[in-house]
Structures are given as structure tokens and as C-alpha cells.
Amino acid sequence: MSIRKDVIDSIGRTPLIRLRGPSELTGCEILGKAEFMNPGGSVKDRAALFIIKDAEERGLLRPGGVIVEGTAGNTGIGLALVANARGYRTVIVIPNTQSQEKKDALRLCGADLREVPAAPYASPNNYVKVSGRLAEEIAKAEPAGAIWANQFDNVANRRAHLETTGPEIWDQTGGKVDGFVSAVGTGGTLAGTSMYLKQRNPKIRTALADPMGAALYSYYKTGVLKSEGSSITEGIGQGRITKNLEGAPIDEAFQIPDSEGIPLVFDLVREGLVLGGSTGINVAGAIRLAKLMGPGHTIVTLLCDSGYRYASKLFNPEFLRSKNIPVPDWLAGKQAVPTATPLVST
Amino acid sequence: MADYAHPEILVSTEWLAGKLSHPDLRILDASWHLPTLNRDPRAEYAAGHIPGAVFFDIDAISDRATTLPHMLPGPAAFAAAVGALGIGDETFVVAYDSYGLMSAARVWWMFRVFGYDRVAVLDGGLPKWKREGRLLDSKPVTPTPKTFTPRFRPHVLRRKPDMLVNLATKSEQVLDARSPGRFRGTEPEPRQGMRSGHIPGSCNLPYAALLDPKTQTVLPAEALRARFIEAGIDLNKPVITSCGSGITACVLAFGLQLLGMPLTAVYDGSWSEWGLPGDTPVETG
């Protein structure tokens, strides 16, 4: 018998997949943890589960309680699914500039969406700050409790990776792992996984793969938070040291331009893996670390989410052209298999 | 930390004390006593209850068409009764009783059977509340009636025919919450004219074994799990709980839910039905 007792029981324990192209390129074993196979379709299910479990254990949530977060992406989906499974409701605050497909994805999971005008992080009207205030307000009115998930600074997030992602990688490789690379959005994945792996073997090299527009590469290289450029990737790219990142044991930092990371996403489609943009940054980081360490090493990174969520951007030829990113053959319509017979006889 | 799979269904006295004035919170005094004890829970409620609590009368909110004690009412009758207690579809319900945890679990289970999940149980009940010197009130509470929508989950209710079928199929484990003496048939039943013993093949776990004997609070997860396993229960397989009259069986169901088991089925008639003079098979020893 191997029946998972509910959807929550199906979060994590994802496969570790050898990435053929990057491995052949570097002479290393480059392995991707298939986080897109989580029920909510991304690595964020793990953080969502730990944030909710933590609130339950602290007595902040009772049956029918509410989870509030300011997010436009996968965390909202993860929270909504875990909340549904545990009998809670979800309120997601989202900037009104977000794409329709993201709003639809959250709505169809049953989240109660509250759209607010876009405002910079410094503004009290920034969607993340609005979500914090909204959580406080709901907590007063709802006897079953309401929490602010606060994924950036709630360290239950990184504990998910310290307690699940890290141990899974260690077990799946039989401890034969030399490097771990991840991009940072909240910092939960990189910090938590690195902390666990370093506990098991301090020689494991841990590395940040930072997209353009983020400030952490500069921080880990020079100590100064400074950003330049921009990226089409979503859900990663951080401008500050979040609580989840504090004290993270990070050995290396790579800055990955989209021109390096995005083509890797398209290469992976050729391997049968349709993944999102952040995975491109991760795999580029893994290749960089592999080159730095030399052949014969095992490097692990995360395959954060699937590409199906990005049909209108990452896999949209017009959008790619507007960003000067080469359009892959099959999206540009240049990959037709030659055939002679018409499909329909007239 | 108690480390339950479902910590959210058990509230602390401290939590409740901080929510007393909440308009959408309904506290239920679910106290009930064995008939032999001659205690009147309604009078005890009137003399002192947690502020804002209303009395949930387990004997009255029941199926009045049967002579069996406090059998589950129909969905409409339950909805009308709890609606009159001021419970609507947005209310958060907390049940407690005067022992620590006994009949409050029955009320928790009744709400769950009728599809309502916004319900929790007060850990340690009234004794802990009193011990901590918290406020008690003797003022009558007049709730504003509300509309409660029942969503009956008949699959978590077991009746005698189901239990007879299960005797043959053995598809569900049966766990009896009565004292070891009543279970073995060496101690008299409190209700007159009953046979002694237990349903053949059932296991025994007195409900009080789930509680800390000093504080009457629920044991932490690890100790709780050990109690069920020592009683012979496989926590990966379905369980039906049973007891004297379907009340303390719900304490076992509550414990199993804390450990992450799906909502446990209760044999509503329990020994009050099975143990009547008749031809249901009985095992002793």
C-alpha cells in the first residue's frame, strides 16, 4: 500500500533528475530536484506547508481560520492548496499590474483576491505591506484566527528546506553531493538547504545564482547591496537580506544574465523538461559552479516550477523578441517535420 | 510542543480567555454525567460557567424517537437546536465540560458529523479554567438565534447493522472507551438490565488514558500514539469507537484526529444498545 493520505502528504519527496545537457557539457553530474512535481506545481508548496504548520503549532490558526499573503505567484497557489486541505481560507493581495493568468490561477484555487494599485516597497500601500495590515484586521474579526504568511521574513519558510529539501537531497545522492546552487527570492531555499547540507558535510560548496536586477550578488561579493540590469524571470531577485537569508552559509555567488539562463530553459525543453525562467538561472548557476569545481563533481539545483505557467511571457515569441532573447525554433515555427501528403484530402 | 498532526482542534484556556468577547465565538458547556451520579449539569452550568458560554444539552439535542440514550438527532433537528444556541455558518464553536475532556468531545464529533468543521475543544476543560482562577459567570446567556446549515456525513456514523456486518468482515477495528472492568465483564454496567462484556474482537482503551491524570489535559502526540498502539490499534487502518452510550467514544475519535487520522466513525448506540438483552454476540474477559 502506498496511498498518500491527503494532498499535503504529497508535498516534497520530489525526484532528483539528472540533467543530461548540463552534465555532458561540464563532465559533472548536474541534478535537478523536480519541485515542479509538487501538487501546487512549484517549490513554494514546501514553504506554504511549513508556514501554515508553524502557525497551527503556535495556536494562531483554528479550523476555518484565514491565511493572508501579498504575493503574485507560486506561494499564493501553495498557500491556497494547503489551506484548502487543512480547512482554512486564503486571502491574497496582488498588485493590479499582474497578468490575468496569474490572477486566474489564484482564483481557481479558491483564493480570495484583493487587487491594489502597484506601489514601491517603501510605500505603505505596497501590496506586501497591505497584506500585513489586512492580516491584522482579519485576525481581530475572525475567532478562528488569521495569519500573515510573510514568506520573506517568516523563517518557517527556510525550515521547510532545512527539514525536507536538504535531507531529501542528501538521501537521494547517498551523501555524494559536492555543490548546491539556488537563486533567491525569499532566500528560504538557498539558506535552509545550504544549512542542512553544510551540517552533514561542511565541504559541500553552496552558491547563489542571482538574476540581473537583484542586489545579492553584489552583497556576497563586496558586502554592498547594489543592483544593475533587469530580468524576465519571476519570483526570484532580492534587494535585501531577508530574515530567511540571515546567517546562510553561502560560499559562491554568480550573476546570471537572462541571455545565459533563458536559453537553458529552452535546452531543457529538448530534454523533455518544460520549466520556468527561475530554473534557467538555477541551471546556469549549476553549470558555473561545475566549471569552477571541475569535472567529476555532483551539483544539485532546483527545478522550481513548470513552464506552463508562463505561456504569455517566457514561451511567447513576441515577448521574447521584445526582450532581445532568441526565440527557440519550435516557437518560431521553424521546426516543421517535412511531410508530403496533405492532412485533409479535398 | 504537543506535536499533534491537527493542533488546531484543541484550544488552550489562555487562547480562549483572549477571545471571550468575540461576537462570532460560541462557547458551549457540554457537560454531561452518568445517570448514576445524580448530578445536574444544567444546574451546575447555571451556578458557574465560562463567560458567554451556553449550555449544550446532550440528552435533549438527540433523537427523541428512540428509547436509547442521547442518540444522534437528524440533521434538521440538530440545525434547529444549535441555531437556537446562536450558532450560524460563521460561528466558531469551542466545547468544554466539567471533567476536563469527556462529553465535550461528543459535541465536537456531532458538529463534525453534521459537516461543520469550525469547532474545537478546550484542553483541560472547566477544571483547568477554574484552577487557573479565570473568570466564571452565573448570568444567564441569551443567544441570538442564527441559521445553521447541516451537511450530514453519514459515513462516520455506525449503527447496529453496520456493527453486525463488521463482525463478519472485520474491515474496521473496534475500540471501546469503557473501563477495563466493564469491558471484561467483571464490573457491573451502570445501566440496569444490561449484559456485561464487549463486542467480540474489539480492543479496549479507557478514554481517560488519553489524558494527563493530574491536569486532565490531552497527552502530547507521542504518548497519545503509544496509548492507541498499546491498546492494539493499527493507526493506518480504520477504527470505529464505541463506549457506554456513544459519548466517551468521541474522546477516542478526537484523539485519533489529533494524531492525523481521518474523522473516526462512532457506534452511536454503543453498549446501551449492543448490551441490551438479546442476541448480539458478547465476549467477556
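## A helix of chain B and the turn after it

In this model, which is predicted, B:Gly260 adopts a positive phi of about 100° at a position just after helix α9 of chain B. The helix itself spans residues 249–258 of chain B, and because ten of its ten residues are buried, α9(B) is largely enclosed by the rest of the structure. The buried set includes small residues such as B:Ala249, B:Ala253 and B:Gly255, and alongside them B:Cys250, B:Phe254 and B:Gln257.

Two members of this helix reappear among the neighbours of B:Trp108, a residue that touches B:Cys250 and B:Phe254 as well as B:Ala95, B:Val119 and B:Val121, when residues up to four places away in sequence are left out of the count.

## Nonpolar cores

The largest nonpolar core holds 81 residues, and the members that touch the most others are B:Ala95, B:Ala104, B:Ala105 and B:Trp108. A second core, separate from that one, has 55 residues, and among them are A:Phe180, A:Leu208, A:Ala209 and A:Ile256.

## Two loop residues of chain B

Two residues of chain B that are not glycines nevertheless have a positive phi: for B:Asn38 the angle is about 55°, and for B:His70 the angle is about 30°. B:Asn38 belongs to the loop that lies between β2 (25–29) and α2 (41–47) of chain B, while B:His70 is placed in the loop between β3 (54–55) and α3 (75–84) of chain B.

Which of the two is buried and which is exposed? B:Asn38 has 7 other C-beta atoms within 10 Å and is therefore exposed, whereas B:His70 has 22 C-beta neighbours inside 10 Å and so counts as buried.

## A parallel sheet in chain B

Chain B contains an open sheet of five strands, arranged in the order β6-β10-β9-β7-β8 with parallel pairing. At its edges stand β6 (157–158) and β8 (203–204) of chain B, each of which pairs on one side only.

At the β8 edge, strand β7 (residues 173–176) of chain B is joined to β8(B) by two bridges in the parallel sense, and one residue pair can be named there, since B:Asp176 has B:Asn204 in β8(B) as its bridge partner.

## A parallel sheet in chain A and the helix across it

In chain A, four strands make up an open sheet with the order β5-β4-β3-β6 and parallel pairing. Its edge strands are β5 (112–116) and β6 (146–148) of chain A, and each pairs on one side only. On average, and with direction ignored, neighbouring strands of this sheet are turned by 20° against each other.

Within the sheet, strand β3 (residues 66–70) and strand β4 (residues 89–95) of chain A are paired in the parallel sense over five bridges, and A:Val68 has A:Val91 in β4(A) as its bridge partner. Helix α5 (residues 127–141) of chain A lies across β3, β4, β5 and β6 of chain A and runs at about 165° to β3(A).

## A covered strand and a helix in chain A

Strand β2 (residues 29–33) of chain A is mostly covered, with five of its five residues buried. In a regular strand the side chains alternate between the two faces of the sheet. Here both faces are covered, for A:Glu29, A:Leu31 and A:Lys33 are buried on one side, and A:Ile30 and A:Gly32 are buried on the other.

β2(A) has a partner in strand β1 (residues 16–18) of chain A, with which it pairs in the antiparallel sense over three bridges, and another in β10(A), to which it is joined in parallel by five bridges. A:Leu31 takes part in both pairings, being the bridge partner of A:Arg18 and having A:Val300 in β10(A) as a bridge partner.

β10 (298–302) of chain A is also one of the elements against which the buried residues of helix α7(A) pack, together with α2 (44–57), α6 (156–172), β7 (179–182) and β8 (205–211) of chain A. Helix α7 covers residues 188–200, and its 13 residues reach 18 Å from the first C-alpha to the last, close to the expected 18 Å. Its buried residues include A:Leu190, A:Thr193, A:Tyr196 and A:Leu197.

## Where the chains meet

The contact between the chains draws 16 residues from chain B and ten residues from chain A. On the chain B side, nine of these residues are nonpolar, two are polar and five are charged.

Technical notes: Residues are numbered from 1 along each chain as its sequence is written. Chains are lettered from A and ligands numbered from 1 in the order in which they are written. This is a predicted model: local features need pLDDT of at least 70, side-chain atom pairs count only at pLDDT 80 or more; totals for chains, interfaces and linings use all residues. Two residues are in contact if their C-beta atoms, placed from the backbone, lie within 7 Å. Ala, Val, Leu, Ile, Met, Phe, Trp, Tyr, Cys and Pro count as nonpolar, Asp, Glu, Lys and Arg as charged, and the others, Gly among them, as polar. The expected span of a helix is 1.5 Å times one less than its number of residues. A residue is buried if 20 or more other C-beta atoms lie within 10 Å of its own, exposed if 12 or fewer, and partly exposed in between; C-beta atoms are placed from the backbone. Two strands pair if DSSP finds at least two bridges between them. A nonpolar core is a set of buried Ala, Val, Leu, Ile, Met, Phe, Trp, Tyr and Cys residues joined through C-beta atoms within 7 Å. Axes are lines fitted to C-alpha atoms, for helices over the stretch in contact, and angles run from 0 to 180 degrees between N-to-C directions.
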